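Hi everyone, thanks for making time this morning. I'd like to walk you through a structure that may be new to most of you, so please have a look at it on the screen.

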Amino acid sequence: MAITRKNIVSLLIGFLLLGLLFNPIKEIPDVPHQSFLFTCTFLATVIGIAAFYPTKQFIHRLTIIDLLVILIAVGNIYFYPPTSNLFGLARFALIILYWSIRQTGGLNGTLLYTIILITTLVLSIIGYMQILHILPSHHPHFDITGPYGNPTIYAGILCLLLSAPIMVLSHFKSDAIHRYTYLVSFLTCIIALPILWLTHCRSAWIAVLAIISYSIYSRFSISFRWGISTLITIALLSYLLYQFKPASADGRILIWKVTAQMIKEKPFTGFGPHGFTANYMHFQSEYLKKEGSIYEKQLADNNHYVYNEPLRWTVEYGIAGLLLLYWNIILHFLV
């Protein structure tokens, strides 16, 4: 492998992915959460430095996405300064990663994909070893957490990594890529999907189904009959997933009801950065006093998460913030 800026940055980003499997920093509280932030921030800084490895080619022209990222980055640094907390530091690390990739002009896809497969397999094996009680869980109420603090984080990262082999298998025929790559990708999915199911994380299941459905839609022409059948299947699966953990789903619905009240209060300006965390409990208390049912009062908890990113953006930045979020997503699909 040639020593080029693209390969160096690709390799370091691969190390960052592998860093998700371990807790190298032990002498801090809440190890399964904070250690990863320290590790990823450190690696992101190294990647940022490596992105300026001597070369003749630099960014010559800014794209619309670059300008949008600059706008979001300036806002993030202003409202969430890296010195404020670990999550502010993590946001700053993401900015470094974006500009590092832009500075290199892309990544070494083969190298990065190989590391993704390795990371997915190791992460899956950790889950199986926890099921067999060979490795300990990091939460007293769950058997599977991977190297993280709860199964939701484990399932989310596993789902994110799985999206790569799923897309490769759906978009490339077996004779279009190396047969060993195709075989390892297939085996990775076969090994990882059962452990993802055992996490009992419905959001990760839905995400995987969405990835598979999008892959099928992108590759094959779907007739009207198949489209209707798919919608019926999705409706049936949604009902079954609701019945799987109804109290959890009802708790999310309660959070979204209260969040809707927050949006109604300040629909255009929002509550500003950290606005959801700072104001949610007050609105939940008022909602439960005025119109909350006995069941909702039983579900209510000390909550600081909206479990819905568009709603969080609307609460904190108003309708303009929501439009900015969607415009950013649309641009990534169009450009």
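I'll start with the chain as a whole, then turn to one pocket, and finish with a few single residues.

One thing to keep in mind throughout: this is a predicted model.

So, what is the chain built from? Its secondary structure comes to 13 helices and 0 strands. If you follow the elements from the N terminus on, you simply read α again and again. The chain has 335 residues, and buried ones make up 38% of them. Now take the contacts between residues at least 6 apart in sequence: 70% of these join residues at least 24 apart. As for the outside, the accessible surface is about 19900 Å², and carbon and sulfur atoms account for 70% of that.

Now let's move to the second largest pocket. It holds about 1100 Å³ of space. Which residues lie nearest its centre? They are Cys201, Arg202, Ser203, Ile206 and Leu241, out of a lining of 39 residues. Four helices, α6 (151-171), α8 (202-219), α9 (224-244) and α10 (246-265), each supply at least two residues of that lining. Helix α9 gives the most, with 10 residues. And what is the lining like by class? You'll find 22 nonpolar, 13 polar and 4 charged residues.

One of those central names, Cys201, brings us to the cysteines. How many disulfides does the structure hold? The count is 0. Cys201 is in no disulfide, and the nearest cysteine sulfur, that of Cys159, is 8.4 Å away. For a pair to count, the two sulfur atoms have to be within 2.5 Å. Is Cys201 buried or exposed? It is buried, because its relative accessible area is 8% and the cut-off for buried is under 20%. Cys189 counts as buried too, at 7% relative accessibility.

Last stop: Thr188. You can find this residue in helix α7, which covers residues 179-198. Thr188 has 0% relative accessibility, so it counts as buried. What does Thr188 touch, once we leave aside its neighbours within four places in sequence? Its contacts are Leu117, Thr120, Leu121 and Leu162.

To recap, then: we have a chain with 13 helices and 0 strands, a second largest pocket to which α9 gives the most lining residues, and 0 disulfides. Thanks for listening, and do spin the model around for yourselves!

Methods:
Residues numbered from 1 in each chain as written. Predicted model: local features only at pLDDT ≥ 70, side-chain atom pairs only at ≥ 80, totals over all residues. Heavy atoms only, no water. Buried < 20%, exposed > 50% of the residue type's maximum accessible area, 1.4 Å probe, protein only. 1 Å grid on protein atoms, 1.4 Å probe; cavity = no way out; pocket = protein on both sides within 12 Å on 5 of 7 lines; lining within 4 Å. Points joined across faces, edges and corners; volume = space filled by probe spheres on them. Nonpolar A, V, L, I, M, F, W, Y, C, P; charged D, E, K, R; others polar. Contact = heavy atoms within 4.5 Å. Areas by Shrake-Rupley, 256 points an atom, 1.4 Å probe, with all protein chains shown as cover.
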